[in-house]
Amino acid sequence: MAAPITEVAARVVAGRGVSPGVVRAPLVRLGPPVVTSPDDPVGVDPAAEARRVREALTAVAADLERRARHTEGVSADVLTTTAAMALDPALADATERHLAAGAPTGHAVTLAVEEFCGRLEAVGGYLAERVADLRDIGARTVAQLAGLAMPGIPAPGYPVVMAARDLSPADTASLPGGDVVGLLTEEGGPTSHTAILARALGIPAVVGCPASAQIPEGTLVLLDGTTGTVQLDPPAGAAAVPATSAPEAAAGPGHTADGTPVALLSNIGTVADAELAAMTPTEGVGLFRTEFLFPKRADRPTEAEQAATYAAVLRAFGERRVVVRTLDAGSDKPLPFLPLGPEENPALGVRGLRTARAHPEVLDDQLRALAAAAEAAGRELDVMAPMVSTAEEAARFADRARGFGLTRVGVMIEVPAAALRARELLDVVDFVSIGTNDLGQYVMAADRQSGALGDLLDPWQPALLDLVAAVGEAGRAAGKPVGVCGEAAADPLLAAVLVGLGATSLSTAARARPAVHAELARFTRLDCLRLAERVRSARGAGAAHAAARALRDERA
Ligand code: PEP
Ligand code: MG
């Protein structure tokens, strides 16, 4: 359960630790989105305002170039290209025109930027992709003019703990390799995307901490991603330990103490993740979140582009298993190129496989691209669909995927209905993979993004584990594999419980693997079954966790 929130005045605030490690750094905030309006005050001298805009654009470009010098590879190229766009005289000229026509200064920048975005979108392809960068330049320029913090991920050139209300997948895309060494959010729970990404990147993180909103920017903090506490102005002696304090990567396949194999796979979202994970002893990929490849894309990625990306991932893993999940768009992971319209309750709306009802062509493109990638890489892959509720949906997906020549087809079990009827689903697919993040959200009726409901989203909730057991039982009966790829699999002790409940493979962020590997090797298969029985008899998440710890201590 989340620790109680204490007052900022007490110099310690607490939330929920979701990514281990301790860091000490000044706190900065994720810059708020910049909004301009035609009703903002108009500057008295349009010529002087035009000069201010040119100076602001130059400052924005200089800042981007400075960041490019501290970055490598593709990120550096993107920053350099974006800086060049800020210096394009046509952008300053267009702003000057809007100023001369009487627009307020910031809004003149927005109008000029939107004019250029419209042209890029009309051309389409690679140029349309630059729209997000151009809007970013506009937002930065407006912030610079107003003397506000730069919007987006802070990059001051030194390590910082970033505080935010919550992060979107698009915000987090620019975190890797930047200055952010710790994350602190007011909202979010253990399975929110902030938590998942922080663990994948090995960045210590505390989520569900409303009191963090009151911490003044610039305060030195000591953030502990294990205990979930954040100390303000820590004394000089308070040490920070490296985030990667997990045991050395355990080589060899995952197994229990008595040698039952349990494949330990990796969760990835990008080609870079794949390349990093492939360097570890992971047995492959249990969840490739393909929607993370295109978080900001306005136009649909082409089949050829997708095929090249998937082939790169397949090649990185050689012969090792790769389970690709088709786009899980919607709800907390909107994709600009897959418009789903406004929804009152998006987590219960059109998301995951359901998007294929309105846009079957997007799923077909992806399946065709996957088949092409498998052929190009000269190997097979596993494909699975997210957010499947019924055996009919599973059968339709399997038919479709097999129609494109994909042979190993599975579905995720993220909806209680699918868990309860797992036998029927397993009749029509080759494997299932349990997404405990969403399964927990739906069985407890608790929004996974909500920090306030973190206790209900605890993966030790016996109701969630009952559903996992139902799926495990169905898998055993059908003789088909049951994976777990939600965050529950990354908790080493819970991983042993999941095996006792019937999981045949576990998929986690690559960094979590060594600890899971080590813990699993401490328990025999019978121990795992006993653990499963104990947690299912417990009345509540806390009691379930305590029961498992007690059994582990008996074994020690
Ligand atoms: C899950 O729901 O557990 C899962 C693995 O999918 P995601 O976190 O991407 O929704
Ligand atoms: Mg999910």
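A polar contact here is a pair of N or O atoms within 3.5 Å; within protein, one must be able to donate a hydrogen and the other to accept it, and residues adjacent in sequence count only if both atoms are side-chain atoms. By that rule, ligand 1 is held up against the side chain of Arg 325, where an N or O atom sits 2.8 Å from a ligand oxygen. The backbone joins in too: an N or O atom of Thr 436 lies 3.1 Å from an oxygen of ligand 1, and a polar backbone atom of Asp 438 is 3.0 Å from a ligand oxygen. Around ligand 1 there are 16 residues (near means a heavy atom within 4 Å). Those that come nearest are Arg 289, Arg 325, Lys 333, Asn 437 and Arg 448.

The model is predicted, so to speak of local features takes pLDDT of at least 70, and side-chain atom pairs count only at pLDDT 80 or more, while totals for chains, interfaces and linings use all residues. Residues are numbered from 1 along each chain as written, chains are lettered from A and ligands numbered from 1 in written order, and side-chain values use heavy atoms, with hydrogens and water left out.

As for the overall layout, the protein chain splits into domain 1 (5-32 + 151-232), domain 2 (46-146) and domain 3 (252-555), with bounds from an automatic or database domain assignment. The C-alpha centres of domains 1 and 3 lie 26 Å apart. Their contact (heavy atoms within 4.5 Å) takes 18 residues from domain 1 and 17 from domain 3. About 1600 Å² is buried between the two, 57% of it from carbon and sulfur atoms; buried area is the accessible area (1.4 Å probe) that two parts lose on being put together, summed over both. On the domain 1 side, Thr 191, His 193 and Ile 196 lose the most area, together 35% of what that side buries.

Six residue pairs, both partners at pLDDT 80 or more, are in polar contact between domains 1 and 3. Helix α8 (193-201) gives the most to the domain 1 side, with 5 residues; helices are DSSP runs of H or I, at least four residues, numbered from the N terminus. The interface also has 1 salt bridge (a side-chain nitrogen of Lys or Arg within 4 Å of a carboxyl oxygen of Asp or Glu).

Salt bridges number 38 in the structure. One of them joins Arg 54 and Asp 93 at 3.2 Å, N to O, linking helix α1 (residues 46-69) to helix α3 (residues 89-100) across 39 residues.

How values were computed. Helices (H or I, at least four residues) and strands (E, at least two) are DSSP runs, numbered from the N terminus.
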